[in-house]
Amino acid sequence: MNTFKAIIVKEKHDQVIYGLEDVNLDSLSDGEVLIKVSYSSINYKDMLAVQKNGGVIRNYPMIPGIDLSGTIVHTTDNRYTEGQEVVVTGFAMGMSHTGGFAEYARVPGDWIVPMPVNLSLKDAMVFGTAGFTAALSIIALEEKGMDIIKNPRILVTGSTGGVGSIALQILSKIGYKNIAALVRKEHQIEVAISLGATDVIFVNELGVQNKPLNKQKFDFVLDTVGGEIASVLIPQISYGGSMSMCGNAGGIKLTSTVLPFILRGINLLGIDSVNVPIKDRGYIWEKIANEWNISQTTLISEISLEELPQTIEAIKNGHHLGRTIIKY
């Protein structure tokens, strides 16, 4: 190909701007594997990438997009073959390495996961980074004792967003029966129930953090937002319970005392989806492709690269539901 389409983020007159441009292979970062991108997805982090002081991109110009699925068209890494379908998420992609919001991407071979047998290129991005993060969160909570047999009280925050919506569906599919979804708006109630929630709680029903220990309402919390909501929830986690944390849409500050930790023995579990070792990724994607596969039922919108700005604005303003994928 001579040129192809890509979203380019630039810094101009102390402002960050972005838009669709024609580029060539010289615009791509180095790597052993060239991929014809079939799908990417839009995540909260991608929204931050196109904002001034978003904390994602530091060197411009840059092609954003923290995940992709596609087909290898050229490789100098003998672990892979031309025509092979693959998925790439995280690492430096879309941050300091050109990412998935382009018709082609070039990445190191060490970042690549071969596509699992039961997952299509589209399905892989229905999950994308959000689904990968949801899976990591559930695995971490189950390693700390969350078990279907015990019928634990589970709360999912940000329940109609990318990570939360997939987490609800996976939890429901694998058999959990006591799943509460935290919502802010009336229209999110029906969405959360359709995704698998058995109860819906409004943010204003959580109360405020007015004492170090509150009534033990939840055994496990899958938190996707952080900030004040996470702070209010910590004193409400039951003895021996755990909260996974994977997002900061609600802020980066956490306020607590040591009492929930030393008197109730609760655990805070940090979830990082960016730098998970490649040797561990195959196992997670196999679970996603098989017993945790909810790709046919998830709340999804499909757009073109040209339509990206509208979705970015919806995420920025808190109006986005479910998952949006980009088809090339």
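This passage looks at two nonpolar cores and one enclosed strand in a predicted model.

Start with the cores. The largest nonpolar core takes in 51 residues. Leu119, Met146, Val156, Leu168, Leu171 and Trp285 are the ones with the most contacts inside it. Quite a few elements chip in with two or more residues: the helices α2 (121–143), α3 (162–173), α4 (187–195) and α7 (278–289), plus the strands β8 (154–156), β9 (179–183), β10 (199–202) and β11 (218–223). The top contributor is α2, which gives 14 residues to this core.

Leu168 makes a handy example of what such packing looks like up close. Leaving aside residues up to four places away in sequence, Leu168 touches Val156, Ser159, Ile179, Ala181, Ala192, Leu195, Gly196 and Ala197. There is also a second core, separate from this one, with 26 residues, among them Ile7, Val9, Val16 and Ile312.

Now for strand β15, which covers residues 323–327. Four of its five residues are buried, so β15 is largely enclosed by the rest of the structure. What does β15 pair with? Strand β3 (residues 33–41) runs antiparallel to β15 and is joined to it by three bridges. Strand β14 (residues 300–303) runs parallel to β15, with four bridges between them. Ile326 of β15 turns up in both pairings: Ser40 has Ile326 as its bridge partner, and Ile303 stands opposite Ile326 too. To get from β14 to β15, the chain passes through helix α8 (residues 308–316), making a right-handed β-α-β crossover.

Key:
Residues numbered from 1 in each chain as written. Predicted model: local features only at pLDDT ≥ 70, side-chain atom pairs only at ≥ 80, totals over all residues. Heavy atoms only, no water. Core = buried A, V, L, I, M, F, W, Y, C linked by side-chain atoms within 4.5 Å. Buried < 20%, exposed > 50% of the residue type's maximum accessible area, 1.4 Å probe, protein only. Contact = heavy atoms within 4.5 Å. Pairing = 2+ DSSP bridges. Right-handed = clockwise from strand over helix to strand, strands pointing away.
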